[in-house]
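Please examine the sequence and the fold shown below. The report that follows describes how parts of this protein are arranged.

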Amino acid sequence: MSRTVLQINPDHLQTIFAHAERTYPEECCGLLLGQVEPQASASQTETHRLVEVWATENTWNAEAEAEMRAIAPETATHPLTKDRRYWIDPKEMLEAQRYARSKNLDIVGIYHSHTDHAAVPSECDRLCAWPHYSYLIVSVQQGNAQDVLSWRLDEKRQFQSEEILTVAPASP
């Protein structure tokens, strides 16, 4: 897998941290809107440049749980609740995609929080992940955002760490 970077500014991180703290003890979730700066060759870096954070509601419910159990039957022994899972309503994904296209942007990733757990993807996260997206995870311990890591699926559908490059906001 080639090197990938999620480029983000401190305001975006603060927005995501505030969302994660506000929804604690449930997981928060949202979309990362931006642009992909593709690599020119296999040895170069692909960058996901974040332009806007699109906060969503965690709509985890019985229907989402049924879909998850169909995808990952092994999760049947674990309680699947909003404090351990998130679900973005497909209608909201479509709305965000339309908005992003109107601004010449794409959905470049998804963020969510892990409550009282590390910012490391779960098996459930891996099974539901889509290739080519950045997955930003915020660890929220006792209601306070503590750590943030980004991940990307490789060719074998395993998460690999993705560099987070914090940059100053662009001038208007």
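## Strand S1 and its neighbours

In this predicted model, Leu 6 has His 48 as its bridge partner in S3. A further bridge to S3 joins Thr 4 to Glu 46. Strand S1 covers residues 4–8 and strand S3 covers residues 46–56; the two pair in the parallel sense over 4 bridges. S1 also pairs with S7, again in the parallel sense and over 4 bridges. Within S7, the bridge partner of Gln 7 is Leu 165.

The bridges of S1 named here are listed in the table.

| Residue of S1 | Bridge partner | Strand of the partner |
|---|---|---|
| Thr 4 | Glu 46 | S3 |
| Leu 6 | His 48 | S3 |
| Gln 7 | Leu 165 | S7 |

Is S1 buried or exposed? Of its 5 residues, 5 are buried, so S1 is largely enclosed by the rest of the structure. In a regular strand, side chains alternate between the two faces of the sheet. Both faces of S1 are covered: Thr 4, Leu 6 and Ile 8 are buried on one side, and Val 5 and Gln 7 are buried on the other.

## The barrel and its helices

How many strands form the closed barrel? There are 7, in the order S1-S3-S2-S4-S5-S6-S7, and their pairing is mixed. From one strand to the next, the twist averages 35°.

Helix H1, made of residues 10–23, lies across S1, strand S2 (29–37), S3, strand S4 (106–115), strand S5 (134–141), strand S6 (144–153) and strand S7 (159–166). The helix H1 runs at about 40° to S3. Helix H3, residues 90–102, packs on the sheet and touches S2, S3 and S4. The direction of H3 makes about 125° with that of S3.

## An internal cavity

Rolling a probe the size of a water molecule over the atoms shows where empty space is left. In this model, the count comes to 1 cavity of 30 Å³ or more. The largest cavity holds about 30 Å³ of space. Which residues line the largest cavity? The lining consists of Tyr 86, His 112, Asp 125, Ala 129, Tyr 135, Ile 137 and Phe 159. By residue class, the lining of the largest cavity divides into 5 nonpolar, 1 polar and 1 charged.

Definitions and conventions
Residues are numbered from 1 along each chain as its sequence is written. This is a predicted model: local features need pLDDT of at least 70, side-chain atom pairs count only at pLDDT 80 or more; totals for chains, interfaces and linings use all residues. Side-chain values use heavy atoms; hydrogens and water are left out. Two strands pair if DSSP finds at least two bridges between them. Axes are lines fitted to C-alpha atoms, for helices over the stretch in contact, and angles run from 0 to 180 degrees between N-to-C directions. Contact means heavy atoms within 4.5 Å. On a 1 Å grid over the protein atoms alone, a cavity is a set of points where a 1.4 Å probe fits but cannot get out, and a pocket is an open set with protein on both sides within 12 Å along at least five of seven lines; lining residues have an atom within 4 Å of a point. Grid points are joined across faces, edges and corners, and a volume is the space filled by probe spheres set on the points. Ala, Val, Leu, Ile, Met, Phe, Trp, Tyr, Cys and Pro count as nonpolar, Asp, Glu, Lys and Arg as charged, and the others, Gly among them, as polar. Buried means under 20% relative accessible area, exposed over 50%, partly exposed in between (1.4 Å probe, protein chains only).
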